[in-house]
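Please open the model in your viewer, with selection by residue number ready to hand. The tour below moves from stop to stop, saying what to select and what is there.

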Amino acid sequence: MELRVLKYFLTIAEEENITKAAEILHVTQPTLSRQIMQLEDELGVKLFKRSKYCVKLTEDGMYLKKRAEEILSLADNTARTISSKEISGTISIGCTETHSMKELASMMRKFHSIHPGVNYNVYTTNTDGIKEGIEKGTIDIALMTEPVDTSRFDAIHLSGKERWGAIVRQDSELASKHSVSPEDLINKALLLPIRQEVQYTLESWFGKSFQELCIPVRYNLGRNVAVMVQEGIGIGIGFDLFSEYEGLEFIPLEPELNTGSVICWKKNQLFSTVAGSFIDFLRNTADQINPCSRQ
């Protein structure tokens with residue numbers, strides 16, 4: 001008995017219709033019927049009671065169904081176990097600053113528990129640096145915040161969102177507000193992200209007042225913004241990544257502005273076995289959590 005034929009048998013048993021089973025299995029109905037007849041000849045028993053519209057398992061068929069499920073389960077478990085022993089090596093991951101790192105870290109932990117021979121090199125940098133690393137092949141997988149051009153990448157969209165806000169000192173006149181509007185930030189010294197795609201997003205949020213902004217600093221990594229705000233250089237515009245810094249407040253923007261995150265890798269890239277296995281794992285995990293996550 002071949003495992004493939006047992007899978008055919010179980011699909012027919014579940015659907016109780018050879019035509020439907022053939023469609024699911026992507027084989028022709030005559031081919032499927034012939035495979036089952038050969039299996040019956042091999043075993044010397046009839047597995048199905050056939051009628052015009054459906055097929056039903058015989059007593060021998062019900063016995064084989066139970067055993068076939070056990071055999072295929074054992075085969076799958078054996079394949080996974082052997083595979084887990086063979087997969088080892090280093091995966092290079094580039095990350096921007098985002099709370100979505102928690103989602104990626106969870107996937108990394110689960111993959112490592114299956115394949116303990118795997119280790120990770122994690123580089124935290126800006127989006128442009130990550131893209132360059134992917135193009136050069138020094139980074140296998142990237143975690144980036146949107147907006148980002150993913151036309152050259154395969155991408156998984158994560159569920160988490162970053163909310164934009166103003167990072168201010170506690171002695172700022174804005175510190176007591178529940179939210180800040182574009183009008184609140186006119187004539188204030190602002191620290192804005194340097195990435196062009198993000199500037200377009202913020203320009204849309206500010207509207208016409210964007211041309212009136214005072215921008216003494218543009219930055220590419222958010223952690224340093226907190227220090228500059230502490231030193232009184234201006235008000236930082238960014239994500240809420242600064243809770244560990246004393247003397248600062250994060251005030252959400254209003255209208256609300258949110259940014260998603262994506263896990264990306266280069267299209268049509270030849271990956272190492274370990275990196276390719278991790279990408280397959282990311283795809284499957286994302287599909288289980290959110291079937292619409294893949295791009």
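Begin by selecting N187, which is exposed at a relative accessible area of 70%, where exposed means over 50% relative accessible area, buried under 20% and partly exposed in between, with a 1.4 Å probe and protein chains only. N187 sits in the loop between β6 and β7 (189-193), and its phi is positive, near 70°, in a residue other than glycine. Most residues other than glycine have a negative phi, and most peptide bonds are trans.

Before going further, note that this is a predicted model, in which local features need pLDDT of at least 70 and side-chain atom pairs count only at pLDDT 80 or more, while totals for chains, interfaces and linings use all residues. Residues are numbered from 1 along each chain as its sequence is written, and side-chain values use heavy atoms, with hydrogens and water left out. Helices (H or I, at least four residues) and strands (E, at least two) are DSSP runs, numbered from the N terminus.

**Loops and cis peptide bonds**

Select N268 next, in the loop between β11 and α9. N268 is exposed, with a relative accessible area of 81%, and its phi is positive, near 55°, again in a residue other than glycine. S272 is also found in the loop between β11 (258-266) and α9 (273-289), but S272 is partly exposed, with a relative accessible area of 38%. If you draw a C-alpha to C-alpha distance from S272 to K52, the two are 51 Å apart in space and 220 residues apart in sequence.

Now select E254 and P255, which are joined by a cis peptide bond with omega of about 5°; P255 lies in the loop between β10 (248-252) and β11. A cis peptide bond also joins E146 and P147, where omega is about 0°, and P147 belongs to the loop between β5 (141-145) and β6 (153-169).

Keep P147 on display and add V198, a residue of helix α7 (residues 196-206). Which residues is V198 in contact with, leaving aside its neighbours within four places in sequence? They are P147, W164 and P193, contact meaning heavy atoms within 4.5 Å. V198 and P147 are 51 residues apart in sequence, yet 6.5 Å apart in space, C-alpha to C-alpha, and V198 counts as buried at 6% relative accessibility.

**Helices α1, α2 and α3**

Move to residues 29-43, helix α3, and show residues 3-15, helix α1, with it: the two pack at an angle of about 110°, with their axes 10 Å apart. Axes here are lines fitted to C-alpha atoms, for helices over the stretch in contact, and angles run from 0 to 180 degrees between N-to-C directions. Helices α1 and α3 are therefore roughly perpendicular to each other, given that 65 to 115 degrees counts as roughly perpendicular, under 35 as roughly parallel, over 145 as roughly antiparallel and the rest as oblique. To see the contact, select R4, V5, Y8, F9 and I12 in α1 together with L32, Q35, I36 and L39 in α3.

Staying with α1, its 13 residues should span 18 Å at 1.5 Å a residue, and its end C-alpha atoms are 18 Å apart, which agrees; the expected span is 1.5 Å times one less than the number of residues. The buried residues of α1 are V5, L6, Y8, F9, L10, T11, I12 and A13. Helix α1 is followed by E16, whose phi is positive, near 55°.

Add helix α2 (residues 18-25), whose axis comes within 9 Å of that of α3 and crosses it at roughly 105°, making α2 roughly perpendicular to α3. Here I18, T19, A21, A22 and L25 of α2 meet Q29, L32 and S33 of α3.

Finally, colour α3 by accessibility: L32, Q35, I36, L39 and E40 are buried. Seen down the axis of α3, these buried residues fall within an arc of 135°, so they line one face of the helix, the arc being that of the directions from the helix axis to the C-beta atoms. On the other side of α3, P30 and D41 are exposed. The last selection is G44, just after α3, which takes a positive phi of about 75°.
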